[in-house]
Amino acid sequence: MDKDILYKIYENDIYLNYLRYHPKWYIILNKYPEAYKDFEKQLKVDLKITMVDKIEQLKKQIDFISGMVNYLNSK
């Protein structure tokens, strides 16, 4: 595997842990180092750490807080 890719993976614990549970990426990245961007995209989708997921999580938290405030104001 390309040394730059190995460095990037070992530098990030999340990437390393994901790779341990999805070993097919070892083969893919070894044969096609240019697939690293695809690896990152798939990892973010699977772990739900994309920007869309973060916004959705923030929306849920705001809705929860709003519900709590409404509940407390109704008493």
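## Helix H2 and its buried side

Which residues of helix H2 (residues 13–21) are buried? In this predicted model, they are Tyr-15, Leu-16, Tyr-18 and Leu-19. Buried here means under 20% relative accessible area, exposed means over 50%, and partly exposed is in between (1.4 Å probe, protein chains only). Helices are DSSP runs of H or I with at least four residues, numbered from the N terminus. The four buried residues span an arc of only 165° around the axis, so they sit on the same side of H2; the arc is taken from the directions from the helix axis to the C-beta atoms. As a reminder, an α-helix has 3.6 residues a turn, so residues three or four places apart point the same way.

Flip to the other side of H2 and you find Asp-13, Arg-20 and Tyr-21 exposed. The cover over the buried residues of H2 includes helix H1 (3–11), helix H3 (24–31) and helix H4 (36–46). At the N-terminal end, Asn-12 acts as the cap of H2, with a side-chain oxygen 3.0 Å from the backbone nitrogen of Ile-14.

## How H1 meets H2

The axes of H1 and H2 cross at roughly 100° and come within 5 Å. That makes H1 roughly perpendicular to H2. Axes are lines fitted to C-alpha atoms, for helices over the stretch in contact, with angles running from 0 to 180 degrees between N-to-C directions; under 35 degrees counts as roughly parallel, over 145 as roughly antiparallel, 65 to 115 as roughly perpendicular, and the rest as oblique.

On the H1 side, Lys-8, Ile-9, Tyr-10 and Glu-11 make the contact, and in H2 they meet Asp-13, Tyr-15, Leu-16 and Leu-19. Contact means heavy atoms within 4.5 Å. Sorted by type, the residues of this contact are five nonpolar, no polar and three charged. For that count, Ala, Val, Leu, Ile, Met, Phe, Trp, Tyr, Cys and Pro are nonpolar, Asp, Glu, Lys and Arg are charged, and the others, Gly among them, are polar.

## H4 across H2

H2 and H4 pack at an angle of about 90°, their axes 11 Å apart, so H2 is roughly perpendicular to H4. From H2, the contact takes in Ile-14, Tyr-15, Tyr-18 and Leu-19; from H4, the partners are Tyr-36, Phe-39, Glu-40, Gln-42, Leu-43, Lys-44 and Asp-46. The split in this contact is seven nonpolar, one polar and three charged.

H4 has its own buried set: Tyr-36, Phe-39, Glu-40 and Leu-43. They cover an arc of only 100° around the axis, which puts them on the same side of H4, and they pack against H1, H2 and H3. Lys-37 and Lys-41 are exposed on the face of H4 turned away from that buried side.

## Glu-40 and Lys-48

Glu-40 in helix H4 counts as buried at 16% relative accessibility. The Glu-40 side chain is joined to that of Tyr-15 by a polar contact of 3.1 Å. A polar contact is a pair of N or O atoms within 3.5 Å; within protein, one must be able to donate a hydrogen and the other to accept it, and residues adjacent in sequence count only if both atoms are side-chain atoms.

Just after H4, Lys-48 takes a positive phi of about 55°, although it is not a glycine. Lys-48 lies in the loop between H4 and helix H5 (51–74) and is exposed, with a relative accessible area of 60%.

## Ground rules

Residues are numbered from 1 along each chain as its sequence is written, and side-chain values use heavy atoms, leaving out hydrogens and water. Because the model is predicted, local features need pLDDT of at least 70 and side-chain atom pairs count only at pLDDT 80 or more, while totals for chains, interfaces and linings use all residues.

Notes
Helices (H or I, at least four residues) and strands (E, at least two) are DSSP runs, numbered from the N terminus.
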